[in-house]
Amino acid sequence: MEKISIIIPVYNVEKYLDKCLNSIVNQTYENIEVLVINDGTKDNSQEIIDLYKNKYPNKIYSFTKENGGLSDARNYGIDKATGDYITFIDSDDYIDVTMIEKLYNKIKMDNADVSACECYFEYEKKIKRVGLNIDDNENIKDIMIKLFPSAWGKLYKKHIFINNNFKKGIWFEDVEFLMRVYPTISKVSVVKEPLYYYIQRENSITYTYNEKLNDLITNWDGIIKYYKQESYYEEYKNELEYSFIRYVFATYIKRLAKAKDYNRYCIGVRTAIHSVKSYFPDYKNNKYLKSKSPKNLYLKYFNKNIANIIFFLEKNKKN
């Protein structure tokens with residue numbers, strides 16, 4: 001039975017950490033090492049970590065470092081990991097007790113580089129299943145534009161991290177990481193069961209506005225440079241182009257609409273449109289936009305007027 005390293009960065013999550021760790025130590029797959037990285041937390045999270053470390057000394061390994069952010073904590077864990085496979089769990093989330101076993105069995109059965117599962121978005125008063133519209137026989141190009149862009153909910157062969165770490169000091173580090181990983185792997189296998197519980201917190205970056213939101217756009221400068229430097233660009237241009245406009249015109253604009261200042265929102269919209277035209281001036285001819293689905297029509301014809309509608313709908317939703 002091969003060893004699996006589970007990396008959990010911790011920062012001010014005392015309210016959620018016990019449930020997270022409890023779901024991990026009770027996994028049906030037993031050969032695990034759980035690397036809990038205290039990233040300079042300011043609450044009582046370390047006390048909870050110590051309780052689990054003392055109770056499960058052969059599973060829980062505690063590390064403390066100065067605060068460096070999620071990417072830095074994950075990279076710290078990668079350096080310490082001794083397993084044959086690595087997975088990441090955010091410390092405010094939790095997992096099904098069979099997740100590790102099912103991801104491991106799938107990655108071995110299909111001889112894949114990565115295995116991924118579906119997840120639940122868990123809100124305060126409801127829970128939503130997020131499925132995977134992916135088949136095992138799909139190629140990496142299909143995976144690039146379909147797979148949910150999170151580092152968690154996936155199991156990776158350790159060799160993937162030899163030349164790939166998480167970029168420090170940015171938001172949306174998962175997107176940046178995965179986009180660099182895709183052309184280096186040959187197969188992603190999927191478990192079509194929701195095994196990861198993604199807790200939706202009102203104060204998380206998903207639901208708040210911050211100037212760091214612009215990282216969603218600026219990260220792509222490095223991604224595109226990487227593809228060109230490694231001679232991947234021409235082969236994956238369609239996938240890069242489609243992914244970029246989807247993240248900018250959909251994810252970025254939706255998050256940007258949470259800004260209270262309409263003038264700042266307008267500046268962001270102009271930035272988004274300018275960025276897309278600068279990187280991919282012919283994006284409307286992208287092959288993935290040929291089908292006339294509502295989503296594709298939105299992406300293809302996004303403009304300032306549509307942006308205004310989104311802004312005011314979001315404002316009304318808030319009120």
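Are Asp-110 and Lys-106 buried or exposed? Asp-110 is buried, and Lys-106 is buried as well. The close-up views below come from a predicted model, and they start with this pair.

**View 1. Lys-106 and its two acidic partners.** Let us begin at Lys-106, whose side chain meets that of Asp-110 in a salt bridge, at 3.3 Å from N to O. Lys-106 also forms a salt bridge with Asp-136, and here the N to O distance is 2.7 Å. Asp-136 sits in the loop between β7 (127–130) and α5 (140–146), while Lys-106 belongs to helix α4 (residues 99–109), so this pair ties together parts that are 30 residues apart in sequence. Lys-106 has a relative accessible area of 14%, so it counts as buried, the cut-off being under 20%. Asp-136, at 26% relative accessibility, counts as partly exposed.

**View 2. A buried salt bridge between two helices.** Here Asp-174 pairs with Arg-74, and their closest N and O atoms are 2.5 Å apart. Asp-174 is found in helix α6 (residues 173–181) and Arg-74 in helix α3 (residues 70–80), so that distant parts of the chain, 100 residues apart, are linked. Both of these residues are buried.

**View 3. A network of charged side chains.** Look now for Asp-39, Lys-65, Asp-72 and Lys-168, which salt bridges link into a network. Across the model, the count of salt bridges comes to 18.

**View 4. Helix α1 and its neighbours.** Helix α1 covers residues 14–25, which makes 12 residues. From its first C-alpha to its last it reaches 17 Å, close to the expected 16 Å. Its buried residues are Leu-17, Cys-20, Leu-21, Ser-23, Ile-24 and Val-25. These buried residues pack against the strands β1 (4–10), β2 (32–39), β3 (60–65) and β5 (94–95), and against helix α2 (45–55).

**View 5. The largest nonpolar core and a second one.** In soluble globular proteins, nonpolar side chains tend to be buried together. The largest nonpolar core in this model has 69 residues, and those touching the most other members are Phe-88, Tyr-156, Phe-161, Met-179, Tyr-182, Tyr-227 and Phe-249. Helix α8 (residues 233–256) supplies the largest share of this core, with 12 residues. A second, separate core has 37 residues, among them Ile-32, Ile-100, Ala-112 and Trp-152.

**View 6. Around Tyr-182.** Which residues does Tyr-182 touch, leaving aside those up to four places away in sequence? They are Ile-140, Ile-143, Met-144, Leu-147 and Tyr-227.

Notes:
Residues are numbered from 1 along each chain as its sequence is written. This is a predicted model: local features need pLDDT of at least 70, side-chain atom pairs count only at pLDDT 80 or more; totals for chains, interfaces and linings use all residues. Side-chain values use heavy atoms; hydrogens and water are left out. Helices (H or I, at least four residues) and strands (E, at least two) are DSSP runs, numbered from the N terminus. The expected span of a helix is 1.5 Å times one less than its number of residues. Buried means under 20% relative accessible area, exposed over 50%, partly exposed in between (1.4 Å probe, protein chains only). Contact means heavy atoms within 4.5 Å. A nonpolar core is a set of buried Ala, Val, Leu, Ile, Met, Phe, Trp, Tyr and Cys residues joined through side-chain atoms within 4.5 Å. A salt bridge is a side-chain nitrogen of Lys or Arg within 4 Å of a carboxyl oxygen of Asp or Glu.
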